[in-house]
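Work through the exercises below with the sequence and the model at hand. Try each task before you read its solution.

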Amino acid sequence: MSLRGFIIRRTIYIVPVMLGITLMNFTLINVSPGDPVVVRIGLIHCETPDCYNQAYNQEAFEMGLLDQNMYTVPWFTRYINFVNDLLHFDLGNSWYYTQAGEGVPIAQIISERAVYTLVLNILSFIFSLLLATAIGVVSATRQNSFWDRSLTVAMLLGYSMPLFWLAKLLMLLSYQLFNFTGVANKDAFRKPLFLNPSFYKYLILPTLALTLGGLVFMARLVRSQLLEILRQDYITTAKAKGLDNRAVIYKHAFRNGLLPIVTIIGNSLPGLLAGSVMIERVFGWPGIGTVFLEGALFRDYPLMMATNTIFPLLFLIARLLTDITYVFIDPRIKY
Amino acid sequence: MAVADEQREEFLLDEKTLREIETMKGAGQWSIVWRRIKKDKMGMLGLYIVLFLILMAFTSWILLSFDQFLTNRDIILGDPNNAISLNNLYVELWIPGMPKDSPIVLFNHPRYQFADQAKLPPSFLHPFGTDGTGQDMLSRVFFGATVSLALGFIGQMTTVIIGTVLGAIAGFYGGVIDDVLQRIIELLYSMPGFILMIFIIVLFEDVQIPGGRYAVVVIFFSLIGWGGTALIVRSNFFSLKQQDFVEAEKALGASDMRIIFKHILPNSLAPLIIIVTLGIANTIFLFAALAFFGFGDPNAVSWGDDLNKWQNDLLEYPWMPMFPAMFIFFTVLGFNLLGDSLRDALDPRLKD
């Protein structure tokens, strides 16, 4: 089968998984106790029960729980409506984020905030990948040396440190050294964003924290993978025929060790995403993670529903890309 | 001739293999594992940390239960809702040479508030300082071990049990059950656990069940977290099912239950032990993270909730959040060290 056929098949495969995920979220919201309409109208001030009932019905109608004749809409109709809206990129209006009394459309919030999350994540992902490779190679080629031991212990300590606490400690350290906590303020996000020097200033600490978080996880992996490969016979052969160390490691060992590393990193992307949510919250970085957490703290159902659809979608796309990279890494894999 | 043979054999075995043989001489499977762990310094450090924490959690649990028992029975005086009137059974330490009527108090009741002693830095009387409401941080950390560790243990054990049962069924019987289960696992796997947990906690925070909010959290954690265990158990069962000893047992007419419990399960115990040990570390970390971001139970005495309460005081009063965070770190470190060492001991092929 050709590569293109494989990609098309895998892309189509995302659809049923996404349907399952949205159905799961939808069911969870429906079986949860408490009436979302009551949550929504909150402490409405009413003299008579009639007034309250009218407000209640009006709200329920707007939320799509009641139809025009005030009959309850069955759950499958609501689910189909929800999926239909999703396909039209209509994620509904937020309850928590409001502008002039109206809820801001969630699609708008997310498209505004996605750039912050993307910049932070891509930067720290690249940094941690590069650093993890360097550390892994240093540790594996000089096994049991002073550097290997100290790096391994450092990685282990970092691996056991909760990521949010690592971020807090970085904040404390930076406060003590430079009197700068790194908590983002309005100043950092003045447009144009990429020409704004203070944007980069406030980017440093979150990127550093997220880089460390990914680094400790990947470096362990690279090290153990490389160690296993360096024991193989073909490495001995390569050394025996007089190749220098650099060529042995990067040409022979590294390419073969890449496949499991890519697999595990691809599968751990949800964890890395969760890490990004934590870091964003700690540093007040206004990305999608902060939006999600704030929405959750204030029980903003539509917003949570939207983010819970977007995060798995991102993950599935990332896994698709992972599978495609296999073909370029490993010439033996044919589809 | 015989001497030459022996010499050749000695020559063929390298030093490492010889040492391995020495370790295994005349021992069962588990004592071999134990001997391997004992040789691993990091593993032993992890084991000591874990044992210390379990002891601490048990002691604090018993002390607190005893205190509550006395308070509820009105034996001395006390109203469980009134922090001032708590019995506050101290754990006292009397150093010879000090006055006997005012001994040093090691641990107070975790909710006991010292009047006018809020935000004190670490001192002789309060080794970990006091928090913003005048509670002794050392006591908070000591009694918080119960909830923090119990959540990790219970959460991970239920997850592993559900995962093992479902994975065993799928791996042993295969067919439609296997297909359905794999699809469900795929769904659960594509959701970031932390985010899905927050979603569920927010939706179900009004549920009233005995055990409070953390009971709800643990139940849902075990309902969505079993995917990884089930996958590993399934593949283990799948490969063991085709081994000759299972075929032989089947030919002898053994029932499915006997094959599963007597033959396959003991053979796939090693990965399960590793999953539990490393999983407890992850679970404790996850619950601490949930509490840190405000999705815990603010009334519970646990490290994560203390961390959440005082996280913004880090720059001004660093000792308040520092000590609970340190204990979370040590717990996760201990379980990680022990888990790594167990993995090396149970499956020496993976060792570097």
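Helices and strands here are DSSP runs, numbered from the N terminus; a helix needs at least four residues, a strand at least two. The model is predicted.

**Exercise 1. Locate A:Phe89 and decide whether A:Phe89 is buried or exposed.**

Step 1. Find the elements on either side. A:Phe89 sits in the loop between helix H4 (75–87) and S1 of chain A.

Step 2. Check the backbone. Phi of A:Phe89 is positive, about 55°, although the residue is not a glycine.

Step 3. Recall the cut-off. A residue is exposed if 12 or fewer other C-beta atoms lie within 10 Å of its own.

Step 4. Apply the cut-off. A:Phe89 has 10 C-beta neighbours inside 10 Å, so A:Phe89 counts as exposed.

**Exercise 2. Do the same for A:Asn179: where does A:Asn179 lie, and why does A:Asn179 count as exposed?**

Step 1. Place the residue. The loop between helix H7 (163–178) and helix H8 (197–230) of chain A holds A:Asn179.

Step 2. Read the phi angle. The value for A:Asn179 is positive, near 60°, and this residue is not a glycine.

Step 3. Count neighbours. A:Asn179 counts as exposed because it has 7 C-beta neighbours inside 10 Å.

**Exercise 3. Describe how S1 and S2 of chain A pair.**

Step 1. Mark the strands. In chain A, strand S1 covers residues 93–99 and strand S2 covers residues 102–105.

Step 2. Give the direction. The two strands run antiparallel, joined by 3 bridges.

Step 3. Name one opposite pair. A:Asn93 faces A:Pro105 in S2(A).

Step 4. Look at the turn. The hairpin of S1(A) and S2(A) has 2 residues between the strands, and A:Ala100 in this hairpin takes a positive phi near 55°.

**Exercise 4. Give a short profile of chain B.**

Step 1. List the elements. Chain B has 14 helices and 2 strands.

Step 2. State the burial. Of its 352 residues, 38% are buried.

Step 3. Check the sequence range. Take contacts in chain B between residues at least 6 apart in sequence; 62% of them join residues at least 24 apart.

**Exercise 5. Which parts of chain B touch chain A?**

Step 1. Count both sides. The contact takes 40 residues from chain A and 33 residues from chain B.

Step 2. Name the helices. In chain B, H6 (175–189), H7 (193–203), H12 (269–292) and H14 (319–346) each supply at least two residues of the side that touches chain A.

Step 3. Find the largest share. H7(B) gives 8 residues, the largest share of this side of chain B.

Step 4. Sort by residue type. The side of chain B that touches chain A has 25 nonpolar, 5 polar and 3 charged residues.

How values were computed
Residues numbered from 1 in each chain as written. Chains lettered and ligands numbered in written order. Predicted model: local features only at pLDDT ≥ 70, side-chain atom pairs only at ≥ 80, totals over all residues. Contact = placed C-beta atoms within 7 Å. Nonpolar A, V, L, I, M, F, W, Y, C, P; charged D, E, K, R; others polar. Pairing = 2+ DSSP bridges. Buried ≥ 20, exposed ≤ 12 C-beta atoms within 10 Å, placed from the backbone.
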